[in-house]
Amino acid sequence: MRIMITGGLGFIGSHLVRFLLREDPAMEIINVDVLSYAGNPANLADIETDPRYRWVRASIGDHDAVAAVLAAQSVDCIMNLAAESHVDRSILSGAPFVTTNVLGTQILLELARTYHVPRFVQVSTDEVYGSLGPEGWFAETSPLNPNSPYAATKAAADMLTLAAFRTYDQDVVITRCANNYGPYQFPEKLIPLFITNGLEGKPWPLYGDGLQVRDWLFVTDHVRGLWTVAQKGRPGQIYNIGGQNERSNRQVAEALCDRLGISRSVITRVADRLGHDRRYATDAQKITKELGWQPQVNWEAGLEQTVEWYREHEKWWRAIKSGEYRSYYARQYGTPGKDSPKR
Ligand code: NAD
Ligand code: TYD
């Protein structure tokens, strides 16, 4: 089986590539990744010489570059993870989010049709549903009500994916996952930012009252869910993926202080995020009942593994935080092409 993964040099994409190569000795992976600020070849250093794996440095917004890949060999499935993924960056400027998350997805959908790719998996997020009050969960039937520019572009991509199903009978499936955590997450997101700030002796910026709630899922459970949906999901369907593991940001911060053995006084209240969603909680019964997926890594074990990984991979995150990795990759691979998001 040959799979095209987009965004495979990012956090979740790199776990997915590694998982699939382990899962099936006959698996071949083509990773289309433009190497944005969030992409990092070091995330796949352990498998980069595997003959079953190939990285093509291209933007999903570059029609001709992606077409050239699909024209050269058939692929059985496209799994689209490439995205601008950070809410705070989308608040500063939404334009790169529209380019990659919306236009990029549409271009991929069209190319998947042109080259008769049998299946398209759109990797979306529970953030498309907006914000919950203290009760209830997001179901696949919940209305779309995105608040941040990031979430709005992901919702737009979902709509385009469903339009491809309804208009052309294209075989597509959509996943909407809760917040992920684990090794290789870029240290601008809550958990790796706080862990690495803790290891550097820096304060932890907790937005607003810190009582916003997220549903946290360990990244390897997400990628197993993605593969389950890719293999068994019904065409045109949406599958939530979640951990039933709700924590307020303050609870997350306190749990991390305890694991790291540092004083909770590092937790520093700062101005709230604009339009900050109060609560996410995902009802994942559909994927469990229909496809048999369940999370396997509980919060305590996942957090332990994550903290240990960041302790042991200081070189990885220090190069990111110092900006050193960007100049290194610019020297090695050149500056990003004109299709890559500007920042
Ligand atoms: P990430 O930011 O760590 O990685 C994104 C990857 O996409 C990077 O390797 C980057 O180089 C690549 N990329 C960016 N623009 C591109 C373009 N135009 N063409 C090709 N490659 C491009 O993101 P992540 O956290 O791994 O998220 C992956 C996907 O999962 C995203 O679609 C995101 O919306 C979704 N998701 C993430 C979470 C989460 O908690 N992180 C939860 C649910 C869904
Ligand atoms: P984040 O990891 O950016 O994920 P998302 O916005 O997609 O949920 O943020 C998780 C939560 O943590 C969110 O409620 C915002 C909050 N947060 C902070 O309080 N401080 C921070 O420095 C960051 C990055 C996030």
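**Figure 1. Ligand 1 and its backbone contacts.** A backbone N or O atom of L81 sits 3.1 Å from an oxygen atom of ligand 1. This close-up, like the others here, comes from a predicted model. Two further backbone contacts can be picked out in the view. G10 has a polar backbone atom 2.9 Å from an oxygen atom of ligand 1, and F11 places a backbone N or O atom 3.1 Å from an oxygen atom of ligand 1. How much of ligand 1 does the protein cover? Ligand 1 has 840 Å² of accessible area on its own, and the protein covers 96% of it.

**Figure 2. The shell of residues around ligand 1.** Here the view takes in the 28 residues around ligand 1, of which I12, D33, S85, Y150 and K154 come nearest. Which elements of the fold should you look for? At least two residues of this shell come from each of α1 (11-23), β5 (120-125), α5 (149-168) and β7. Strand β5 gives the most, with three residues. Sorted by class, the shell around ligand 1 holds 15 nonpolar, eleven polar and two charged residues.

**Figure 3. Ligand 2 and its polar contacts.** Now let us turn to the other ligand. The side chain of R273 has an N or O atom 2.5 Å from an oxygen atom of ligand 2. N249 also uses its side chain, with a polar atom 2.8 Å from an oxygen atom of ligand 2. Y207, by comparison, uses its backbone: an N or O atom there lies 2.9 Å from an oxygen atom of ligand 2. What share of ligand 2 does the protein bury? Ligand 2 exposes 510 Å² when taken alone, and 96% of that is buried by the protein.

**Figure 4. The shell of residues around ligand 2.** There are 17 residues around ligand 2, and those that come nearest are E127, P205, R214, R273 and H276. Two elements, α6 (190-200) and β8 (204-207), give two or more residues to this shell. The largest share, three residues, comes from β8. By class, the shell around ligand 2 divides into seven nonpolar, five polar and five charged residues.

**Figure 5. A salt bridge between R89 and E188.** The model has 20 salt bridges in its count, and this view shows one of them. The closest N and O atoms of R89 and E188 are 2.7 Å apart. R89 belongs to helix α3 (residues 87-92), while E188 is in the loop between β7 (179-181) and α6, so this salt bridge ties together parts that are 99 residues apart in sequence. Are these two residues buried or partly exposed? R89 counts as partly exposed because its relative accessibility is 27%. E188 has a relative accessible area of 15%, so E188 is buried.

**Figure 6. A salt bridge between K321 and E200, and the network around it.** K321 and E200 form a salt bridge in which the closest N and O atoms are 2.9 Å apart. K321 lies in helix α11 (residues 314-322) and E200 in helix α6, so the pair joins parts that are 121 residues apart in sequence. K321 is partly exposed, at 28% relative accessibility, and E200 is also partly exposed, at 25%. Widen the view and a network appears: E200, K202, E314, R318 and K321 are linked by salt bridges.

**Figure 7. A salt bridge between two loops.** The side chains of D209 and R278 meet in a salt bridge, with a distance of 2.7 Å from N to O. D209 lies in the loop between β8 and β9 (213-218), and R278 in the loop between β12 (267-270) and α9 (285-291); the pair links distant parts of the chain, 69 residues apart. D209 is partly exposed, with a relative accessible area of 25%. R278 is partly exposed too, with a value of 36%.

**Figure 8. T105 and its surroundings.** Our last stop is T105, a residue of helix α4 (residues 95-114). Why does T105 count as buried? T105 is buried because its relative accessible area is 1%, and the cut-off for buried is under 20%. Which residues does T105 touch, leaving aside its neighbours within four places in sequence? T105 is in contact with I60, N80, T100, F120, Q122, A157 and T161.

How values were computed: Residues numbered from 1 in each chain as written. Chains lettered and ligands numbered in written order. Predicted model: local features only at pLDDT ≥ 70, side-chain atom pairs only at ≥ 80, totals over all residues. Heavy atoms only, no water. Near = heavy atom within 4 Å. Polar contact = N/O pair within 3.5 Å; in protein donor to acceptor, adjacent residues only side chain to side chain. Areas by Shrake-Rupley, 256 points an atom, 1.4 Å probe, with all protein chains shown as cover. Helix = DSSP H or I, 4+ residues; strand = E, 2+ residues; numbered from the N terminus. Nonpolar A, V, L, I, M, F, W, Y, C, P; charged D, E, K, R; others polar. Salt bridge = Lys/Arg side-chain N within 4 Å of Asp/Glu carboxyl O. Buried < 20%, exposed > 50% of the residue type's maximum accessible area, 1.4 Å probe, protein only. Contact = heavy atoms within 4.5 Å.
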